[in-house]
Amino acid sequence: MKQRIENSGSFSFHYPGAPIIVTAKHGLKENAMTAVWHCPLSFSPSLYGIALSSRRFTCQLILDSKEFGVNFMPLEKVELVAAVGGSRGAEIDKFEKFKLAKEKPLKTSVPVLKDACATYECRLHDHRTYGDHELLVGEVVAVHYEKDAFTERGLNLQAVNALLYLGGDNYGTPAKDVFQHWDRQAYGKKS
Ligand SMILES: Cc1cc2nc3c(=O)[nH]c(=O)nc-3n(C[C@H](O)[C@H](O)[C@H](O)COP(=O)(O)O)c2cc1C
């Protein structure tokens, strides 16, 4: 039975979503935090948006450095996702504490996480305040990805366990055999 409420309630009806780890570096300080409010915005140029509360230490690092990294994580790294989403970079060095392995960035200074299935290096293109969050829009200037993790159709679920966030502190992974190919042209023509 459908419930009807005014306003947004717990504001978690849009989940599941993929939790990412946003990375940033300014001067000698680097940091990582979890975000589930993120979205592709344009093909050409390739723009990617993340919504961060201005209270996040990472947000300030991005506004200062004008760069950020978007790291897509597999299920196996869920503990890391919870850890960097439950700790403050203003107080600790998360890279040291959680032993975050890094790889060299191509075009920016942002930390590229070794355990990510894919990473976007972004240069800040625009930012705007919406309510209590900043929408930070980055142009994707370089991509790193695990070759086996992707096919021309996207994520290869035979090789990767996708990580999904359900709200609260709950995570999971989709069953592999529930994914099928539904041709949009064929179905769009159906009368
Ligand atoms: C699953 C998950 C998703 C989150 N999504 C966001 C988000 O989209 N935007 C945001 O500002 N904070 C989000 N957070 C909270 C930040 O990750 C958290 O406040 C973190 O401690 C910020 O770190 P920092 O202060 O070092 O930047 C999320 C946390 C978790 C666990």
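Let me start at a turn. In the hairpin of β1 and β2, two residues sit between the strands, and G27 takes a positive phi near 60°. Keep in mind that this is a predicted model.

Now the two strands on either side of that turn. β1 and β2 pair in the antiparallel sense, over seven bridges. To find your way, pick V22. Its bridge partner in β2 is M33. Is β2 mostly covered or not? Mostly covered: six of its seven residues are buried.

Next, the whole sheet. It is an open sheet of seven strands, and the pairing is antiparallel. Read the order with me: β2-β1-β5-β8-β9-β4-β3. Which strands stand at the edges? Those are β2 and β3, the latter covering 38-42. Each has a single partner strand, so one side of each is left without a neighbour in the sheet. Neighbouring strands here are turned against each other by 35° on average, direction ignored.

A word of background. Strands of a sheet pair through backbone hydrogen bonds, either parallel or antiparallel.

Let's walk in from the β3 edge. β3 and β4 pair in the antiparallel sense, over four bridges. H38 has I50 in β4 as its bridge partner. Then comes the pairing of β4 with β9. These two run antiparallel, joined by seven bridges. Look for L52 there; it stands opposite E134 in β9.

On to β8 and β9. How many bridges do they share? Twelve, again in the antiparallel sense. A118 stands opposite Y145 in β9. β8 and β9 also form a hairpin, with two residues between them. In that turn, G131 has a positive phi of about 55°.

Now the helix on the sheet. α1 packs on it, touching β1 (20-26), β2, β4, β5 (67-72), β8 (118-130) and β9 (133-145). The direction of α1 makes about 50° with that of β1.

Which residues of α1 are buried? They are T58, C59, L61 and I62. Seen down the axis of α1, these buried residues fall within an arc of 165°, so they line one face of the helix. What covers them includes β1, β2, β4, β5, β8 and β9.

So to the ligand. There are 19 residues around it, and A35, W37, T58, G85 and G89 come nearest. Where do the others come from? Three elements give two or more residues to the shell: β2 (29-35), β4 (47-53) and α1 (57-65). β2 gives the largest share, four residues. By class, the shell has ten nonpolar, seven polar and two charged residues. Note T58 in particular. T58 is among the residues nearest to the ligand, and T58 is also one of the buried residues of α1.

Last topic: backbone oddities. Most residues other than glycine have a negative phi, and most peptide bonds are trans. Against that background, four places deserve a look.

Start with the peptide bonds. The one from Y15 to P16 is cis, with omega near 15°. P16 lies in the segment before β1. A second cis peptide bond joins S44 and P45, with omega about 0°. P45 sits in the loop between β3 and β4.

Then the phi angles. K66 is not a glycine, yet it has a positive phi of about 65°. Where is K66? In the loop between α1 and β5, just after α1. K66 is partly exposed: 16 other C-beta atoms lie within 10 Å. K99 is not a glycine either, and its phi is positive too, about 50°. K99 belongs to the loop between α3 and β6 (102-103). Is K99 buried or exposed? Exposed, with 8 other C-beta atoms within 10 Å.

One more residue, back in α3. E96 is in that helix, residues 94-97. Why does E96 count as exposed? Because it has 8 C-beta neighbours inside 10 Å, and 12 or fewer is the cut-off for exposed. Now compare its place with R128. E96 and R128 are 32 residues apart along the chain, and their C-alpha atoms are separated by 32 Å.

To recap: an open sheet of seven strands, α1 packed on that sheet, and a ligand shell with its largest share from β2. Thank you.

Note on methods
Residues are numbered from 1 along each chain as its sequence is written. This is a predicted model: local features need pLDDT of at least 70, side-chain atom pairs count only at pLDDT 80 or more; totals for chains, interfaces and linings use all residues. A residue is near a molecule or strand if its C-beta atom, placed from the backbone, lies within 6 Å of it. Ala, Val, Leu, Ile, Met, Phe, Trp, Tyr, Cys and Pro count as nonpolar, Asp, Glu, Lys and Arg as charged, and the others, Gly among them, as polar. Two strands pair if DSSP finds at least two bridges between them. Axes are lines fitted to C-alpha atoms, for helices over the stretch in contact, and angles run from 0 to 180 degrees between N-to-C directions. Two residues are in contact if their C-beta atoms, placed from the backbone, lie within 7 Å. A residue is buried if 20 or more other C-beta atoms lie within 10 Å of its own, exposed if 12 or fewer, and partly exposed in between; C-beta atoms are placed from the backbone. The arc is that of the directions from the helix axis to the C-beta atoms.
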